[in-house]
Amino acid sequence: MNAFEIIGGKKLKGEIHPQGAKNEALQIISAVLLTEEKITVSNIPDIKDVNKLIELLGDLGVEVNRLSKDTYTFEAKNINLEFFKSATFKAKGGSLRGSIMIVGPLLARFGQAAIPKPGGDKIGRRRLDTHFLGFEKLGAKFVYDAKESFFNVDATNLKGAYILLDEASVTGTANIVMAAVLAKGITTIYNAACEPYLQQLCKMLNRMGAKITGIGSNLLTIEGVTKLGGTEHRMLPDMIEIGSFIGLAAMTESEITIKNVCYDELGVIPDVFRKLGINFERRGDDIYIPSQKHYIIDTFIDGSILTIADSPWPGFTPDLLSIVLVIATQAKGSILIHQKMFESRLFFVDKLIEMGAQIILCDPHRATVNGINKQYKLRGISMTSPDIRAGVSLLIAALSAEGTSTIYNIEQIERGYQDIDTRLRALGAQIKRVDANSPSH
């Protein structure tokens, strides 16, 4: 078990490149199962969740070749459907939330799939009903084996259908789209998620020969085809990383340039950070953040306290709310953070309070932050990362704090952020990896 030891309070400086988008990667890499032809994917983040999924595809019989650190080719010619019955699949599939994403493509191409009950982040109940209800509308039959915690799915005769999703789930929409592209007839998905990552998936499927219209809206129409071919695809940069780095610059009074951000795909994210008083400018496709001593949170037009809440795209992504909360602790002004989409994602605030932040946790979904306007720095403490996004928020807090902080359970952070310590050191951060079990810790 590793931990990060961070000596905070240092100003950082330099350029940083965001990694490829984790949430896009899980969809795109699963989509290679839809064809036996070669697919080349670049800008793949080198992180645990993605590497585990690539390994799982290899176990299934996909021929995987790594051309460079971020580029792979995949050929799903010889898929071994017996692998689903193995203990290896049960162990690997169960530990990886992204494994649910292989179900849609396998149902579409082979008419069958199996899935262990998935794991992943501890951020409240994340239902898979949306996926399953969608597959059932297309004609799939589910059998749940309670003793083995295992779902077997039969989909020998998928037919297009009208599907009104019960929630605009990104992974649910992606999975149903992948199942529908090879189903007979026309599928209409209403209340579909429309995130840039989902748009990327649909555009890639169309290049492979699918017929999807309505991309970017919440109403997708898919005309089933009999076969898909190979293609090349480059992933978008990770918008959560981009937001995290904007927050890091503000908290540490650093001058940072975030390179190649695909700015036009960031939606409301830049506007939300501006509401927190953070100055930055777009330079081509880069974001330049100057060093700034103070930042003042906006109010609403009538002078009332600003509320920032998450909602499905094109609303503000829930993955950045914990970053906004951390930034607000050092701002001037007050803010209400409302985490609508997941319960228990705000429980890490007790660590920030221990560091000296002024936060009232109103209930599992809402926290009020009174910014201390950098009148004093947060204090370094020892803490544990509960999930990917809270882990990075605590890391940002530690980098801005006075003294030394230790963050345990960094495996959670590394599920979503590649080489984060190396990349931060390149900006001048004092962060090192230590053995969490050594006597000094």
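**Exercise 1. The phenylalanine rings**

Task: In this predicted model, determine whether Phe 135 and Phe 142 are buried or exposed, and state which cluster the ring pairs form.

Solution.
1. Phe 135 and Phe 142 are both buried.
2. A search of the whole structure finds 4 aromatic pairs. One of them joins Phe 132 and Phe 142, with 4.4 Å from centre to centre and 40° between the planes. This pair is classed as tilted, because stacked rings need planes under 30 degrees apart and edge-to-face rings need over 60.
3. Phe 132 belongs to helix H5 (residues 129–137) and Phe 142 to strand E7 (residues 141–145), so the pair ties together parts that are 10 residues apart in sequence. Phe 132 is buried as well, at a relative accessible area of 12%.
4. Phe 135 and Phe 142 also form an aromatic pair, with centres 6.4 Å apart and planes at 15°. This pair counts as stacked, because its angle of 15° is under 30 degrees.
5. The ring pairs therefore link Phe 132, Phe 135 and Phe 142 into a cluster.

**Exercise 2. Strand E12 and its partners**

Task: Establish which side chains of strand E12 are buried and which residue of E12 is the bridge partner of Thr 188.

Solution.
1. In a regular strand, side chains alternate between the two faces of the sheet.
2. Strand E12 (residues 219–223) shows such alternation: Leu 220 and Ile 222 point to one face and are buried. Leu 219, Thr 221 and Glu 223 point to the other face and are not buried.
3. Strand E10 (residues 186–190) runs antiparallel to E12 and is joined to it by 5 bridges. Within this pairing, Thr 188 has Thr 221 as its bridge partner.
4. Strand E11 (residues 211–213) is likewise antiparallel to E12, with 3 bridges between them. Here Lys 211 stands opposite Glu 223.
5. The hairpin of E11 and E12 has 5 residues between the strands, and Gly 214 in this hairpin takes a positive phi near 90°.

**Exercise 3. Helices H1 and H2**

Task: Describe how the axes of H1 and H2 cross, and state how many residues of H1 are buried.

Solution.
1. Two packed helices are described by the angle and the distance between their axes.
2. The axes of helix H1 (residues 22–31) and helix H2 (residues 48–60) come within 10 Å and cross at roughly 5°. H1 is therefore roughly parallel to H2, because angles under 35 degrees count as such.
3. On the H1 side, the contact is made by Lys 22, Ala 25, Leu 26, Ile 29 and Ser 30. H2 contributes Asp 49, Val 50, Leu 53, Ile 54 and Leu 57.
4. Of the 10 residues of H1, 9 are buried, so this helix is largely enclosed by the rest of the structure. Among the buried residues are Glu 24, Gln 27 and Ile 28.
5. The loop between H1 and strand E3 (38–42) contains Thr 35. Thr 35 is buried, with a relative accessible area of 1%. Leaving aside residues up to four places away in sequence, Thr 35 touches Ala 76, Arg 109, Met 208, Leu 228, Gly 229 and Gly 230.

**Exercise 4. A sheet and the helix across it**

Task: Give the order of the strands in the open sheet of 4 strands, and name the residues that Leu 325 touches.

Solution.
1. The order of the sheet is E17-E18-E20-E19, and its pairing is mixed.
2. Its edge strands are E17 (306–309) and E19 (358–363), each of which pairs on one side only. Neighbouring strands are turned by 20° against each other on average, direction ignored.
3. E19 and strand E20 (residues 366–372) run antiparallel and are joined by 5 bridges. In this pairing, Gln 358 has Asn 370 of E20 as its bridge partner.
4. Helix H10 (residues 321–328) lies across E17, E18 (332–338), E19 and E20, and runs at about 155° to E18.
5. Leu 325 is found in H10 and counts as buried, at 0% relative accessibility.
6. Not counting residues up to four places away in sequence, Leu 325 touches Ile 337, Leu 346, Phe 348, Val 349, Leu 352, Ile 359, Ala 367 and Val 369.

Technical notes: Residues are numbered from 1 along each chain as its sequence is written. This is a predicted model: local features need pLDDT of at least 70, side-chain atom pairs count only at pLDDT 80 or more; totals for chains, interfaces and linings use all residues. Side-chain values use heavy atoms; hydrogens and water are left out. Rings of Phe, Tyr and Trp (its six-membered ring) pair if their centres lie within 6.5 Å; planes under 30 degrees apart count as stacked, over 60 as edge-to-face and the rest as tilted. Helices (H or I, at least four residues) and strands (E, at least two) are DSSP runs, numbered from the N terminus. Buried means under 20% relative accessible area, exposed over 50%, partly exposed in between (1.4 Å probe, protein chains only). Two strands pair if DSSP finds at least two bridges between them. Axes are lines fitted to C-alpha atoms, for helices over the stretch in contact, and angles run from 0 to 180 degrees between N-to-C directions. Contact means heavy atoms within 4.5 Å. Angles under 35 degrees count as roughly parallel, over 145 as roughly antiparallel, 65 to 115 as roughly perpendicular and the rest as oblique.
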